[in-house]
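Please open the structure in your viewer, set the display to a cartoon, and keep the selection tool at hand. Each stop on this tour says what to select next and what can be found there.

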Amino acid sequence: MNCTRRSFLQGSLATLFVGGLNLPLLAASVKKNLVIISLRGGMDGLTAVPVIGDPKIKSYRSELLLDQKLKLNSDFGFHPKLSTLHNLWKKGKASVVHATSIPYTQRSHFDGQNLMETGGLVPYREKTGWLGRGLKLANLDGSGLALTLPMPLLLRGIEQNNNFYPAHNTMPRIEIVKKLRTAYEGASEKKLLNIIDVIMNRPLTMQGGDQSLDSLSKKASKILQDPLGPRIAVFDIEGFDTHSGQGNDEGGHADKLEEIDMIIKNLYEGLGKEFDNTLILTLTEFGRTVEQNGGYGTEHGYGSAILMAGGLLKKSQVLTDWPGLNKLFENRDLQSTVDARGIYASAMSAVLDLEFEQIKKNVFWNSDISNFSEQLFKT
Amino acid sequence: MNNYFRKVGFGLSYKETIPEDPLKWATDQFNSLPPLSWSEKLPSVEDQREIFRQYITEKDKIQEKFGKDAMIYEKELNKLRHQKGEKFFQAFELSIRHHNALNNGAPAFERMWHFWGNHFSLSDKDFISDWHYGPYMREAIRPSMDKTFEEMVVEVTTSWGMIHHLDNTDNIGPNSQEGRRENSDGDKRKVGLNENHGRELLELHTVSPAANYTQDDVINMAKVLTGWAKKWSKKNSWAGPLIFQPELHEMGQKNILGKSYNTKENKITGNKQLFAVIKDLCNHKSCREFIAKKLCQHFITDEPSQEMIDPIIQAWVKSDGFLPEIHKATMKVAFEYGNKHKKFLMPEPWLIQNAKMLNFKHYWGPDRYVFKPGKIPPKRERNIQWILEDLGHPVFKPSQPNGFTDNEEEWTSPELMIRRMVYANQFQTYLKNIRRENQSTYDDEFFENIIYKNFSNPENALKTVFSANSTQNRFVMFANMPEVLKT
């Protein structure tokens with residue numbers, strides 16, 4: 001492996017030094033966008049970003065190995081379905097953080113997804129999401145947009161979030177909506193009042209289209225281009241929980257990776273030059289076991305990978321403190337050597353123009369997370 | 001007080017009189033299993049498994065024959081889908097469910113049935129939502145509501161749908177007879193454990209993570225579950241019947257949450273092992289607490305206090321987990337705390353409540369559904385399915401095995417509220433499904449009637465509804481006013 005622990009640590013030290021100067025960041029005049037894609041079910045980091053430089057993988061999962069890999073460096077590649085991401089990699093606009101996870105090791109989807117969104121350490125304790133708290137800190141009320149039907153926990157914690165997931169049929173006339181507003185006001189229903197205000201002020205771009213990820217991501221790229229519109233978009237992809245039929249180049253996991261790639265492709269093509277002011281980042285609750293199980297699938301694991309794209313990335317790189325496959329976490333999972341929350345915080349710092357330390361303190365309760373802003377993002 | 005009929009049921013229609021003793025009205029519904037309002041023969045789990053079997057075997061043939069030409073393949077596959085009713089059964093089953101909720105005279109029981117169907121969710125996989133969820137609700141959940149929680153867990157855990165959607169057929173003991181044979185025959189294929197079902201049995205169905213089980217407990221639970229699998233045969237392919245297959249069962253002792261099974265002293269082996277483990281799980285303190293809290297969250301508030309939860313736990317302990325007693329205790333707690341706490345309604349009960357109070361019919365009666373193989377179901381036949389999907393609550397199609405949450409935060413987003421307004425705007429068009437002689441006259445008196453019956457503070461509600469003039473707009477106001485969105 002070329003990617004040694006040492007080179008990784010050197011990178012971290014440099015970052016710490018810059019972070020330690022505590023320079024106030026300049027407020028940006030351009031609108032920067034953050035797009036989050038939540039991968040529910042537990043994405044297998046070793047399928048999305050296969051390790052080339054570690055032959056030991058063959059002994060663990062003979063039927064899940066990829067025939068084709070899109071090479072990134074001597075150690076890692078992309079799954080063949082991530083072809084857009086690979087093109088962006090060649091342009092210096094795609095990166096990976098590997099062997100990373102939120103600090104949660106109990107392997108429950110639902111507790112894990114809760115923590116992936118709250119950024120907390122105890123399931124269900126926090127009622128707001130790390131991104132919602134970040135937006136609140138940046139005073140960006142009304143700039144969150146979910147391309148999902150429920151408001152994801154990730155965005156909660158700030159008022160006036162919007163979501164878009166078009167349905168057919170027509171709204172009641174505006175007079176009736178106003179009358180409902182009066183009823184909510186009279187009943188002191190603050191939350192309903194807030195929602196109806198968001199509904200009444202929806203921009204014209206939030207019309208038409210359908211509920212497919214293809215249509216939603218095309219729509220999102222239009223909405224994000226609006227200089228006064230939302231600057232945060234959140235997508236959900238479900239179905240990464242491949243206990244059986246995970247497949248390799250094709251199969252359960254491949255289909256899901258193709259969906260990620262499609263969203264990125266639509267955003268890249270749709271955002272045009274605004275793509276350079278955009279960062280796309282994936283979340284998942286955990287990775288999957290290194291070894292395949294009895295059903296050509298994998299079980300719930302620990303370490304996974306974060307996929308990133310966009311012009312706000314400093315360069316194309318695989319950032320990892322690679323733990324190797326000799327010593328697995330609890331003898332089954334890829335270790336996580338990077339607390340993913342450090343990446344989330346650094347990404348917010350880059351997009352929301354907030355200092356990392358400020359985010360660390362106000363969004364992540366001063367948790368022990370590392371600053372990767374300098375290494376990963378243009379600041 | 002009148003709020004209670006909506007809190008635990010679907011509200012009172014304009015024809016109904018207000019029951020004198022609301023609590024007795026609710027608890028009496030749990031004295032015996034109320035029959036379904038739709039008494040015609042309905043598809044069974046076995047009927048639907050047979051359809052599924054035909055579907056997957058014929059699909060293989062189509063793939064073999066037309067697989068090279070994507071267009072023809074897609075066309076043939078669509079034909080097959082209509083032949084087997086893939087687009088028919090979900091709407092049909094939803095129609096039965098809503099017909100029953102509105103007409104069988106036991107709305108509190110029906111709400112509870114829906115609760116358990118969601119607690120033991122079958123997430124969307126291999127058309128389970130189309131062919132299987134309805135029969136599963138009738139065969140695994142409903143009859144168990146007259147038994148103990150433990151019996152319900154056994155019924156559900158060994159049901160075809162649960163085993164299928166949580167991959168337990170792939171869960172094979174590496175030291176079982178079959179496991180050893182498979183793993184020593186020299187080919188690449190190796191078999192082993194699949195933790196999916198074992199984990200969810202602990203986490204979602206019984207003790208919850210509060211029991212602090214470990215990864216070892218999960219692995220042992222998976223071992224206990226080995227053998228409970230669909231029986232493979234050439235004819236059935238992977239749609240075989242569910243049979244306990246000892247040759248797949250992992251040998252040896254298993255330890256779960258501090259208890260040991262199949263030791264030298266207690267030889268609990270084979271299929272009996274699962275029953276013994278389920279018994280202990282259902283008697284675990286965390287299980288009672290988890291379920292009691294979830295019931296309070298469903299009917300009363302997102303953040304129930306210990307005082308609300310305790311009487312349900314006590315009823316559980318006293319009756320040894322007898323569900324009718326647990327249900328009655330829940331009704332009582334909802335009665336006592338109902339006025340102080342408001343619960344935001346999930347879309348499905350909201351829709352059914354509106355249908356009941358406003359006297360519209362958003363579905364076809366089950367009597368109008370006739371399954372004709374090959375026929376493409378008309379749009380209006382599937383309307384109920386689209387409504388629930390658009391409202392964000394396709395009850396037979398949860399995307400994950402934890403089902404739908406009833407947490408208010410999940411249901412209050414702009415888009416979801418838009419959907420409620422959009423569909424409330426349609427409600428008036430659903431009157432055409434009702435025979436003229438049964439239709440209401442939507443005059444002021446009608447709205448006064450239902451509002452005085454169903455709301456503890458009717459004045460505000462009346463003011464809100466009467467601020468609009470047309471029936472259509474009054475429906476929109478009614479359905480979306482805070483008094484109806486919350487109970």
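Begin by selecting α20 and α23 of chain B, two helices of this predicted model whose axes come within 8 Å and cross at roughly 145°. The crossing of α20(B) and α23(B) is right-handed. To see where the two helices meet, show the side chains of B:R420, B:M421 and B:A424 in α20(B), together with those of B:F475, B:V476, B:A479 and B:N480 in α23(B). Sorted by class, this contact of α20(B) with α23(B) has 5 nonpolar, 1 polar and 1 charged residues.

Keep α23(B) on the screen and add helix α7 of chain A, residues 174-186, whose axis comes within 10 Å of that of α23(B) and crosses it at roughly 35°. This crossing of α7(A) and α23(B) is also right-handed. From α7(A), the residues A:I176, A:K179 and A:L180 meet B:N473, B:V476, B:M477 and B:N480 in α23(B), and the residues of this contact divide into 4 nonpolar, 2 polar and 1 charged. Which residues of α23(B) should you look for on the side of α20(B)? Among those that meet α20(B) are B:V476 and B:N480, and both of these residues are also listed in the contact with α7(A).

Now widen the selection to the whole contact between the chains, which takes 44 residues from chain B and 44 residues from chain A. On the side of chain B, at least two residues each are supplied by α11 (196-205), α19 (408-411), α20 (414-424), α22 (458-466) and α23 (471-480). Which of these helices gives the most to the side of chain B that touches chain A? That helix is α20(B), with 8 residues. If you colour this side of chain B by residue class, you should find 16 nonpolar, 18 polar and 10 charged residues.

Next, colour chain B by domain, with domain 1 covering 32-37 + 89-142 + 345-440 and domain 2 covering 147-282. The centres of these two domains of chain B, taken over C-alpha atoms, are separated by 33 Å. Where the domains touch, 10 residues come from domain 1 of chain B and 10 residues from domain 2 of chain B, and the side that belongs to domain 1 has 6 nonpolar, 3 polar and 1 charged residues.

For a single residue to look at closely, select B:V156, which has its place in helix α8 of chain B, residues 149-157. Is B:V156 buried or exposed? It counts as buried because it has 22 C-beta neighbours inside 10 Å, where 20 or more are needed. Apart from its neighbours within four places in sequence, B:V156 is in contact with B:F120, B:A140 and B:M162. If you then draw a distance from B:V156 to B:D69, the two lie 41 Å apart in space, C-alpha to C-alpha, and 87 residues apart in sequence.

Stay in chain B and select helix α12, residues 215-225, which is mostly covered, since 8 of its 11 residues are buried. The buried residues of α12(B) are B:D217, B:V218, B:N220, B:M221, B:A222, B:K223, B:V224 and B:L225. Around them, show α11, β1 (228-230), β3 (254-256), β4 (259-261) and α13 (270-282) of chain B, against which these buried residues pack. Just after α12(B), look at B:G227, which takes a positive phi of about 105°.

Finally, move to chain A and select strand β8, residues 278-284, where 7 of the 7 residues are buried, so the strand is largely enclosed by the rest of the structure. Turn on its side chains to see that A:T278, A:I280, A:T282 and A:T284 point one way from β8(A), while A:L279, A:L281 and A:L283 point the other way. Add strand β1 of chain A, residues 33-39, which pairs with β8(A) in the parallel sense over 7 bridges, and look for A:S38 opposite A:L283. Then add strand β9 of chain A, residues 304-309, which runs antiparallel to β8(A) and is joined to it by 2 bridges. In β9(A), A:A309 is the bridge partner of A:I280.

Note on methods: Residues numbered from 1 in each chain as written. Chains lettered and ligands numbered in written order. Predicted model: local features only at pLDDT ≥ 70, side-chain atom pairs only at ≥ 80, totals over all residues. Contact = placed C-beta atoms within 7 Å. Helix = DSSP H or I, 4+ residues; strand = E, 2+ residues; numbered from the N terminus. Nonpolar A, V, L, I, M, F, W, Y, C, P; charged D, E, K, R; others polar. Domains from an automatic or database assignment. Axes fitted to C-alpha atoms, helices over the stretch in contact; angles between N-to-C directions. Left-handed = near helix turned anticlockwise from the far one by under 90°. Buried ≥ 20, exposed ≤ 12 C-beta atoms within 10 Å, placed from the backbone. Pairing = 2+ DSSP bridges.
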